[in-house]
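Biologist: Could you take one part of this chain and go over it closely for me? Some context from the whole chain would help too.

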Amino acid sequence: MSREAVNARIELGTSLKKAREAIGWSQSRAASALDCTQPKINKIENELVAIRPQDLTRLLRFYEVSDAEADRIRILAAQAKGGPVAGVLASRDYLTLLETEREAAEILGCYSERLPNLFQCEPYIMKQYEVEGALYDITSVLEARREREALFQSDRPPRYRALFSPSSLDRLPGGRKAGLYREQIQHLRRMMDDYAEHLFVHLVPFEANLPYLPHDLTVLKLGGQGKDMVYHEYGGGPARIYRGRQQVEYHIGEWNKVFRQALSVDDSRTALLEMHDSASRW
């Protein structure tokens, strides 16, 4: 966690305390409503522990905060756990991604030079924060990663089809190291096995007949329950969301070009195993 994330946690605790006091509730009453202990409320307000998203939603409802204030507090809570990548605080667009992932019927991803944190193993994400000089709270960093993976453990997980260039695995935080490389591939294969009914991973070989590969693209299709959207994430800056119909269709077309050149799921699993074993010769 960066120092900015620590500051966000401090402001989050202060904001929740003010919201509680504004309706005249004691910490004990808030704890009773949340079905937890008073010391837990005290720790949340004094930035000693992180708050789970579902608990935050309930507290905001109990405290009857305005929509604008609830939005500000949710962003603080996301920032308090870091961001989509080390050194980048969570933004409103990133929160939109997290919310829309859980509403989506289908997600199409294409990643050429990095792994989004949804697919990062714990050693990978810790190394990322360590190299950035932002690993101040290991517990929150790992908790945020586990919350991302919970997407596939929900009652209605989306159908997620992810395209990866081998370079997204080669480009490791802190430099290419065989141990981390092998751990990350094992983690990705484990996710493919655990969520085989909903997650489909395809490698895009270097030999693919493509003019270029989009470097970071996520399309979220709502299945008629809302406007489809495209999420672009940038390692050194803010993310961007597109909702225009033509923009979404264009990016789906770009994704389809790559998909037609990708390996099947079974062939991708075999290729990942070969990549894993090859690292023993580095």
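Modeller: Counting along the chain gives 12 helices and 6 strands; these are DSSP runs numbered from the N terminus, with helices being H or I over at least four residues and strands E over at least two. The radius of gyration is 20 Å, close to the 19 Å that the globule rule gives for 282 residues, so the chain is as compact as a globular protein of that length. That radius is taken over C-alpha atoms, and the rule is 2.2 Å times the number of residues to the power 0.38.

Before zooming in, bear in mind that this is a predicted model, where local features need pLDDT of at least 70 and side-chain atom pairs count only at pLDDT 80 or more, while totals for chains, interfaces and linings use all residues. Residues are numbered from 1 along each chain as its sequence is written, and side-chain values use heavy atoms, leaving out hydrogens and water.

Across the 282 residues, 50% count as buried, meaning under 20% relative accessible area (exposed is over 50%, partly exposed is in between; 1.4 Å probe, protein chains only). As for contacts (heavy atoms within 4.5 Å), 73% of those with a separation of 6 or more link residues 24 or more positions apart.

The part I'd pick is strand β3, residues 199–203, where 5 of the 5 residues are buried. In a regular strand, side chains alternate between the two faces of the sheet. Here L199, V201 and L203 point one way, F200 and H202 point the other way, and all are buried. So what lies alongside? Strand β2 (residues 159–164) runs parallel to β3 and is joined to it by 5 bridges; strands pair if DSSP finds at least two bridges between them. In that pairing, A162 stands opposite V201 of β3.

For something to set beside β3, try helix α6, residues 92–101: 7 of its 10 residues are buried, so α6 is largely enclosed by the rest of the structure. The buried ones are Y94, L95, T96, L97, L98, T100 and E101. Take L95, which sits in α6 and counts as buried at 12% relative accessibility. Leaving aside residues up to four places away in sequence, L95 touches R74, I75 and A78. A78 is 17 residues from L95 along the chain, yet their C-alpha atoms are separated by 7.4 Å.
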